[in-house]
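Student: I'd like to talk through a protein model with you. Could we do it as questions and answers?

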Amino acid sequence: MPVSVTMPRLGESVTEGTVTRWLKQEGDTVEVDEPLLEVSTDKVDTEIPSPAAGVLSRIVVGEDETAEVGSELAVIAGEGEQVGGAVAPQAAPAEEAEEAAAAPQAEAEQPAVEQPAAQAAPAPSGAGTPVKMPALGESVTEGTVTRWLKQVGDSVEVDEPLLEVSTDKVDTEIPSPVAGTLLEIKVAEDETADVGADLAIIGAAGAAPAPAQPAPKPEAKPEPKPEPKVEAAPAPKAEEPTPGVSYNQPAPEAETAAQPMRAEQAAQPAAPAPTPQRPTAPVQGGGEEAAGYVTPLVRKLAAEHGVNLSSVNGTGVGGRIRKQDVLEAAEKAKAAKAVPAAQPAAAAAPAPAKPAAKPQPSAKRGTTEKLPRIRAAIAKRMQQSLHEMAQLTTVIEVDVTKIAKLRAQAKDSFQQRHGVKLSFLPFFALAAVEALQTYPIVNARMDLEAGTITYPDAEHLGIAVDTERGLLVPVIHNAGDLNLGGIAKRVADLAERTRTNKISPDEIAGATFTLTNTGSRGALFDTPIVPSPQSAMLGTGAVVKRPVVVNDPELGEVVAVRSMVYLALSYDHRLIDGADAARFLVAVKERLEAGNFEAELGL
């Protein structure tokens, strides 16, 4: 029967979404969980997967149209049903023909025969021990099988490495949970599986592997060139797309080239030929992968940073290139570009400085484009906040020289210990959260109609992130429970996933106080607009060195070069008095100028 595709609820406060692009057209065949369309809300852009396999018979909501949560977007017809006057194709007509041919022969046999041999199902998972995709991190929901270390029919021992898995956080080996024989591989190489999904089945030692079945599984994607006579290799499971991932997917040429290669390998499982070379995908710079298999995550990262994978030495298992290898290569490339540029200048005779290159005009000059949904939402909220609140901004100057010295001492060890760079932002965030705990009025919200003031029981810190789609604010929930290292890791993780469109709607909602680093682009300070229903927002300016009058215990008042920063607190003056704002800012200032972070930095 037809299946309706509806607009999902993409966040607690989201009531509608706009269809930005249909990935399938009417009449196209779709598989379960295959990306069907792209939807944009005022919080997130994401892909909507197909809820069923069949044919896209009707598109109800066109591109650039808006639909409410729960409303119908499209209709998917099942196999064999009418689609615009035609019949939807069957998933496996060849197998049905075999079943029809086998039916008379089965009827001629004794009634005790339950099923023809062609319809025999593989042994259920209960016949062996399933190997499941483990949870490889708090926020990891899926993993990609990069390499099987054992094949069907091989004997395995307890805790013996069985396969390699890659996620967006780690590459690792999955050990066998029991000793026995690998009976079935359910997720082939290069395919993705959710946490908890079955990857393989291990039976008792000496057990025979289940033969390959001609009838595909209902959710399996049909192979472009099926090999029905292959009996030794299990049919690979269809790749399941990742909901809510970025539009920057791995190169389709690489995936298309990988399918016939896997089919060819499955057709010759017993041939003693050398291990076939894996297909390579071109990357920027014209090079090709020369160090064996590269995960889609690493391939995408290399393309983003312009890294030629053929020049990277992998440090993973068997010399495989990992994410860290690509990042290190990108840093070395930047350093190499900077050195040659400086050497000729030092060796050559002094020459008059060339005038700075004139900036090129933007291609958007003289054009008109449609207002993006996220930009429209930002405009509406900013205007609403200014109309609802009596906003005021108080600015304070802070000497962060001690913090600058601590950063210089601890930045290398901090990055080795926590895996992220140590910037000024975590210090500002930690000082702000501690001040919120002392002055909760800055963290509160007011309901004028109900006549109430609500003081949250935790500090949920929003971090403004500049993205190509506009300013988004992911939230560090329960920031008061984190130390300096924990805040630094959360800031880096949320910022990266926000820029790559991998943030979930719930992670950009629920902030009680927001921090925006306007100094990241060189601004000394600005007057932030407080987002409703929050009551305050702190802006941090650029840290600059300048001469400042300081009071030396021995010399008295002297002029010295110090690292200075402006902190600007915008707040709802209906709830927060100027004295409250000043007390909050002074608490932040005293915490930063004291510079007592040695214990947090391991110094």
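Tutor: Happily; here are a few questions on a sheet, a surface patch and a core. This is a predicted model, where local features need pLDDT of at least 70, side-chain atom pairs count only at pLDDT 80 or more, and totals for chains, interfaces and linings use all residues. Residues are numbered from 1 along each chain as its sequence is written, and side-chain values use heavy atoms, leaving out hydrogens and water.

Student: Which residue stands opposite V131 in β18?

Tutor: Strands are DSSP runs of E with at least two residues, numbered from the N terminus, and two of them pair if DSSP finds at least two bridges between them. The open sheet has the order β11-β18-β16-β13, with antiparallel pairing, and β11 (129-132) is one of its edge strands. Four bridges join β11 to β18 (residues 198-203). Opposite V131 stands A200.

Student: Is F525 buried, partly exposed or exposed?

Tutor: F525 lies in the loop between β26 (513-516) and β27 (536-540). Buried means under 20% relative accessible area and exposed over 50%, with partly exposed in between (1.4 Å probe, protein chains only). F525 has 40% relative accessibility, so the residue counts as partly exposed.

Student: Which helix gives the most to the largest nonpolar core?

Tutor: Such a core is a set of buried Ala, Val, Leu, Ile, Met, Phe, Trp, Tyr and Cys residues joined through side-chain atoms within 4.5 Å. This one has 51 residues, and L601 is among those touching the most other members. Helices are DSSP runs of H or I with at least four residues. With 10 residues, the top contributor is α7 (residues 425-438).
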